[in-house]
Amino acid sequence: MIGCSVEKNTSLSRNYHNLTSHYNIYFNGYESFKKGIGRAKSSVKNDYTRILKLFYYEDESVHGAINADMQRAIDKATKVITYHSITAKPKVKAGDQSSKQKAFFEKREYNKWVDDAYMLMGMAYMYQGQYFLAVETFKHVLVTFPEEEIRFLALTWLARAYIMIGETREAERLLSSLSGESEFPEDYLEAYHTTWADYYIRGESHQRAAEHLEQALEAKGVKKDEKIRYTYILAQLYQEAGQNDLALEKYRKVTRYNPPYEMAFNARVSMAEVFEAGSGNSGDLKKLLTKMLRDSKNREYKDQIYFALGNIAFEQGDREEAIEYYRLSVSSSVQNHFQKGYSSLTLAEIFYEEPDYMLSAAYYDSAVSFLSRDYPGYSNLTSLSVSLGGLVRYVNTFELEDSLQMLAALPDEERLSVIDGIIEQVKKEEEEAREAEQQAMQDRAFNQSMLFSNSPAGSGGAQQGGAWYFYNLNAKSFGQPEFRMKWGDRTLEDNWRRRNKQSAAAMTGGEGSGTDTINGGSGPKILDNKSREYYLVSIPLSDSAMEQSHLRLEDALYHMGLIYKANLLDYQEAVNSFEDLMERYPRGRYAASAMYHLHELYNILQKPEMARTYKARLLAEYPDSHQSKLLNNPNYIRELEEEEQKAVRFYEQVYARYQAGDYQAVINDATRAMEQFEGDPLIPKFKYIRALATGAVNGKELMKTEMDSLIAQHPGVEESLRAQEIVDYLYETFPVIKEAEEARVAEEIFTAYDPGQPHYFLIALSSQEDLNQVNFDLLNYNLDHFNQYNLEIEKIGFSTNYNLLVIKKFNNAEGAFRYLRVIEEQSDEILSGIPPSQYRMMIISVENFGILSEQKAINPYDLFYQKHYQNPEQ
């Protein structure tokens, strides 16, 4: 064993460590790595609406699923390197050495499995998503083993890691450096060409990617499952490149490889699409896809079939049929969120082009909900969805308020007639929905009965698995897919029908909201949508209600115009909204801004006469507005910016004086700035620096006053938060400041001292002491000495720190004081064993006791008590 130490480099030690490294450690690590790859293959969810990912580590969902397997591979690789690396030089034999011997002596590592261990570690890091660690590991292989064959594999994987961290130029440089290598091993050609293919796929160079993937498929040692995946991706690349014949050939080849059913299904659907695109004859293809719809095995893939049928209809120019198929694709999607999102996006884009912004908004909202965040252009889709969602809200508000105002303008009889018509329509729709649901239930019951009656003899029929429905396997097998088709995957929980539980909570007032009118709560009355009152309550029939309705309508029109102009670039719709706004509210809140936007819009639409009209009107009616100044003065924006910079430069001067210690100048300049730049965002900074300078000149008490003013006038800003930290520090470090503040607050909270009022005596006892014992002792003392006064004792759980004993009541402060002095003299008997620091005795007026009970704080009243009762001369 001593002879096999890594400190010695002999033939025996090298053989021992090679053997131990390979079979005891590296083998187990590589097996764990392969196990992780297998787990990745089974856990990854392929998105067939896009080109499949070449490598499983590209899917973030894989990282967590296989992390344990990859970590074990890393640990094993680390063990090989730590315990079996041989870097000691062998003994040099006497005499001349051959070049081979010299090269052997100059090696940096003499265990042939250490380089493999480093490679295993780097590849495992890749599958964990630790790309930067992988980069460093592959670089180490290149530095440590520059002449070994493994350097080619390390360069290839290093290029993959660079691609994953966005360093595509460096990845291209490395791959290009390998293209002319005559010594490049055949075993690494698959890795090399698939890396090039991944590089070109990311750059959307589909033809170049296909060329390298073809070469990868011809490489040595490609496994069957990889061959199937590469071929499918190759077909997708040819389809994207418009080479439908080659795409059809590759899709057909995929189906012959006996792939997993999901991939075979998608290959057949794609075959139909690419074949139709090149043939112009769709009848047979529609029949094929329709036949696939009827196949029970394709029940969960109907969304993809409908989508393919929609594509065929769209290419034939039958837009309405295409939309219907795309809608069926969305509604029939059960578990494939990729397809649901892609179908929703397709519909959103169609309706956006019309344009039908209301429908487009609904489908864009679905698309961003179901598409993954790495979908190309996802952030732009999200922004557009938000813009359309805002537009829909404003359009709905506009239409609602406009309709309500029209109803308000009608005579009472006509208004009620319109409402009665709405109610009749609601009743009709509800009846139709009820009948449709009843028919659907009958159909489902019939289908179930047919399913069970056709069960083979001896199988148990409808009773298989138990008589109760949920024990019946046949019933469950029928009902579960049907449920998923209607509702999708839902967790068993309250409000399971709602995807947005928050909206449900908002509608019901949340748990424990106290709106249960059945139990006598104070919640609003729930109106029936088939009653006149339900509709009348929203109609603005009073002047104040009509004024609020006009404000909402005006606001909606203005923001509709802004969204059309700035977000959707639909300039004509923007013009329509702003002109409608000007017609309804020519002197309204947004009149000047609307005229400015109309001037800009008509210039964009190349209608200079209309642009000049609105410019002239704006200048005449609002000559002092910002919009008029923008049109009259081309330097207005620059002048505004310069004006804003004045406050910034002034603050910089004040800050420089503060750093120089010229505090009185800081106070003077900051005060002047607060008057000169009133309303400027920098005002809190001037107040903060003035407070600091005040502390340096006049002391911490006045500084605290300045800080309190800043906190009160500018809550939430950064300077106020800093000021609060300083105030808290002062309270902690200088208790006298806190006490003075509490005394000031007490004077504001409690009513003026009035000794003629009825008073109570109270003991504030630490919550750590036995309140019941003190209550018992005080009660006995009162019975013995004050029985004729009929005093009452009340125990109160006051706060976390104190409990109260309240003795009531005395006609005035003098009587309460006499009682207090007696109790103080007898405190050893009544408060036996309790240190004076654990209780406080005081008297309090009945009115102030009510305030104390609300405040739940003893200290402020104690200060009030000391000033007015114990030391009245102060």
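This text walks through a predicted model of one protein chain, from its overall make-up to one sheet, three helices and a single buried residue.

The protein chain holds 39 helices and four strands. Of its 874 residues, 42% are buried. Among contacts with a separation of 6 or more, 61% join residues 24 or more positions apart.

The strands come first. Four strands form an open sheet in the order β2-β3-β1-β4, and the pairing is antiparallel. The edge strands are β2 (792–796) and β4, each of which pairs on one side only. On average, neighbouring strands of this sheet are turned by 20° against each other, direction ignored.

Strand β1 covers residues 759–766. One of its partners is strand β3 (residues 802–810), which pairs with β1 in the antiparallel sense over seven bridges. Within that pairing, Leu765 stands opposite Asn803 in β3. Strand β4 (residues 839–845) also pairs with β1, in the antiparallel sense and over seven bridges. Two residue pairs can be used to locate this pairing in the model: Phe761 has Ile843 of β4 as its bridge partner, and Ile763 has Met841 of β4.

Which way do the side chains of β1 point, and are they buried or exposed? In a regular strand the side chains alternate between the two faces of the sheet. In β1, His759, Phe761, Ile763 and Leu765 point one way, while Tyr760, Leu762, Ala764 and Ser766 point the other way. The residues of both sets are all buried. A residue counts as buried when its relative accessible area is under 20%. Because eight of the eight residues of β1 are buried, this strand is largely enclosed by the rest of the structure.

Strand β4 is mostly covered, although it lies at an edge of the sheet. Six of the seven residues of β4 are buried. Helix α39 (residues 858–870) lies across β1, β3 and β4, and runs at about 70° to β4.

At the other edge, β2 pairs with β3 in the antiparallel sense over five bridges. Glu794 stands opposite Val806 of β3. β2 and β3 form a hairpin, with five residues between them.

Next come three helices that precede β1 in sequence: helix α32 (residues 700–713), helix α33 (residues 718–733) and helix α34 (residues 735–749). Two packed helices are described by the angle between their axes and the distance between the axes. The axes of α32 and α33 come within 9 Å and cross at roughly 145°. The crossing of α32 past α33 is left-handed. On the α32 side, the residues that meet α33 are Lys700, Met703, Lys704, Met707, Asp708, Leu710 and Ile711. They meet Glu719, Ser720, Ala723, Gln724, Ile726, Val727, Leu730 and Tyr731 in α33. By class, the residues of this contact divide into nine nonpolar, two polar and four charged.

How do α33 and α34 pack? Their axes are 5 Å apart, at an angle of about 110°. An angle of 65 to 115 degrees counts as roughly perpendicular, so α33 is roughly perpendicular to α34. The contact is made by Leu730, Tyr731, Glu732 and Thr733 of α33 together with Pro735, Ile737, Lys738 and Glu741 of α34. These residues comprise four nonpolar, one polar and three charged. Leu730 and Tyr731 of α33 thus appear in the contact with α34 as well as in the contact with α32.

The last stop is in helix α1 (residues 11–43), which contains Phe33. Is Phe33 buried or exposed? Its relative accessibility is 6%, so Phe33 counts as buried. Leaving aside neighbours within four places in sequence, Phe33 is in contact with Met70, Ala73, Leu120, Met123, Ala124 and Tyr127. One of these, Met123, is 90 residues from Phe33 along the chain, and the C-alpha atoms of the two are separated by 8.7 Å.

Definitions and conventions:
Residues numbered from 1 in each chain as written. Predicted model: local features only at pLDDT ≥ 70, side-chain atom pairs only at ≥ 80, totals over all residues. Heavy atoms only, no water. Buried < 20%, exposed > 50% of the residue type's maximum accessible area, 1.4 Å probe, protein only. Pairing = 2+ DSSP bridges. Axes fitted to C-alpha atoms, helices over the stretch in contact; angles between N-to-C directions. Parallel < 35°, antiparallel > 145°, perpendicular 65-115°, else oblique. Contact = heavy atoms within 4.5 Å. Nonpolar A, V, L, I, M, F, W, Y, C, P; charged D, E, K, R; others polar. Left-handed = near helix turned anticlockwise from the far one by under 90°.
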